[in-house]
Amino acid sequence: MDTVVSGIRSTGHLHLGNYFGALRNFVRMQEENNCYFFIADYHSLTTHPDPSILHDNVKNILCEYLASGIDPEKATIYVQSDVPETVELYLLLNMHAYLGELSKTVSFKEKARKQPENVNAGLLTYPTLMAADILIHNADKVPVGKDQEQHLELTRRFARRFNGMYGQEYFKEAAAYNFGEDLIKIPGLDGSGKMGKSEGNCVYLCEDPKLIQKKVMRALTDQGPTEPNSVKPDYIENLFTLMKVVSTPDTLEYFNEKWNTCEIRYGDMKKQLAADIINFTTPIRERYLDICNNEEYLRKVTKMGAEKARESAAKTIKDVRLLMGIRPF
Ligand code: TYM
């Protein structure tokens with residue numbers, strides 16, 4: 001049985017990119033693996049350090065995990081900050097993480113550009129904390145979207161380096177995972193390549209249907225193709241990519257055909273896309289609204305998750321300490 005670890009930062013509500021890039025696979029993987037799915041609240045502090053909303057953000061993600069079908073009886077669901085062993089591993093791994101490699105990551109450079117007034121050490125060492133999340137349970141597989149590929153590469157490098165330095169094949173090299181397919185990237189509605197919260201182009205998983213409809217209808221389009229079978233511009237391809245994940249293959253085929261014969265009516269396509277997104281998200285939103293009010297259940301789930309996660313984490317820390325020469329008198 002493989003060990004699977006993944007998490008999502010608690011910076012607000014989950015969007016369709018998070019769902020199709022990661023969460024959907026969490027749900028699929030819990031059936032046959034030893035899974036740890038956490039809410040990365042420490043990671044959210046690198047960009048969103050606001051004590052008045054931190055807890056609610058964690059709660060949102062927790063409820064969205066549960067509403068999407070992660071089952072706390074099958075997978076271990078926990079809050080990152082409930083497992084202090086992760087922080088110890090983060091510190092230890094940081095001793096062997098070099099400034100050159102950390103400052104070269106795409107995510108660091110992007111964040112440093114976006115928030116030049118707050119290029120903090122947490123941002124720089126974001127990949128070491130992520131590696132600690134993964135290595136603390138010695139994961140085999142990590143379900144993530146395409147944007148996390150570089151972080152996974154670094155995680156493997158840290159694992160190899162640790163094993164080499166301490167002379168034991170202790171950590172496994174965790175693989176970014178999407179059921180044998182390429183990792184995916186869900187595009188935004190504004191023509192940009194990636195749906196993302198900071199890009200402001202998201203459809204949220206538990207969003208009000210009217211708002212979903214409005215956002216989709218406003219998506220960027222043009223006059224339509226004039227040549228049969230022409231290549232789609234990116235912003236049109238994006239709508240097709242979204243359709244591919246929420247609509248039936250027949251629907252996708254129908255609009256592709258319309259595109260190829262220059263008969264496409266974007267209004268119809270967007271109406272269909274909005275309806276399919278709403279159809280898909282409605283049961284999740286309904287479960288979400290239910291779960292949100294059940295504080296007792298949320299307390300139980302996070303307590304049970306923290307206990308299970310700490311048990312696995314404590315074992316790793318014990319081994320790592322010994323390997324590094326930290327021994328009791
Ligand atoms: P985060 O919170 O930015 O995103 C969470 C997950 O959603 C995926 N994702 C997408 N996938 C496809 N298309 C998109 N437009 C899209 N936007 C987001 C991300 O790839 C990710 O899988 N560093 C992580 C959180 C993390 C983590 C970990 C993940 C912390 N520790 C350990 C795995 C293992 C992050 O920022 O994801």
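Let me begin with a lysine and a ring: in this model, which is a predicted one, the charged end of K232 sits over the ring of F240, at 4.2 Å from the ring's centre. A second lysine takes up this kind of position elsewhere, since K141 lies over the face of Y177, and there the distance to the ring centre is 4.5 Å.

Staying with the aromatic residues, I would turn next to how the rings meet one another. A pair of aromatic rings is described by the distance of the centres and the angle of the planes. With ring centres within 6.5 Å as the rule for a pair, the count comes to 11 aromatic pairs. One of them joins Y254 and F255, whose arrangement is edge-to-face, with 4.9 Å from centre to centre and 90° between the planes. The two partners can also be described by their accessibility: F255 counts as buried because its relative accessibility is 6%, while Y254, at 47%, counts as partly exposed. There is also an aromatic cluster, formed by F162, Y166, Y170 and F171.

That brings me to the ligand, which sits in the largest pocket. Around the ligand there are 25 residues, and the closest are R9, Y126, D133, D147 and I186. If we look at the polar contacts, a polar side-chain atom of Y126 lies 2.5 Å from an oxygen atom of the ligand, and a side-chain N or O atom of R9 is 2.8 Å from a ligand oxygen. G145 takes part through its backbone, with an N or O atom 2.8 Å from an oxygen atom of the ligand. Of the 710 Å² of accessible area that the ligand has on its own, the protein covers 97%.

Technical notes:
Residues are numbered from 1 along each chain as its sequence is written. This is a predicted model: local features need pLDDT of at least 70, side-chain atom pairs count only at pLDDT 80 or more; totals for chains, interfaces and linings use all residues. Side-chain values use heavy atoms; hydrogens and water are left out. Rings of Phe, Tyr and Trp (its six-membered ring) pair if their centres lie within 6.5 Å; planes under 30 degrees apart count as stacked, over 60 as edge-to-face and the rest as tilted. Buried means under 20% relative accessible area, exposed over 50%, partly exposed in between (1.4 Å probe, protein chains only). A charge sits over a ring if NZ of Lys or CZ of Arg is within 6 Å of the ring centre and within 35 degrees of the ring normal. A residue is near a molecule or strand if one of its heavy atoms lies within 4 Å of it. A polar contact is a pair of N or O atoms within 3.5 Å; within protein, one must be able to donate a hydrogen and the other to accept it, and residues adjacent in sequence count only if both atoms are side-chain atoms. Accessible areas come from the Shrake-Rupley method with a 1.4 Å probe; for residues, only the protein chains shown count as cover. On a 1 Å grid over the protein atoms alone, a cavity is a set of points where a 1.4 Å probe fits but cannot get out, and a pocket is an open set with protein on both sides within 12 Å along at least five of seven lines; lining residues have an atom within 4 Å of a point. A molecule sits in a cavity or pocket if more than half of its atoms lie within 2 Å of its grid points.
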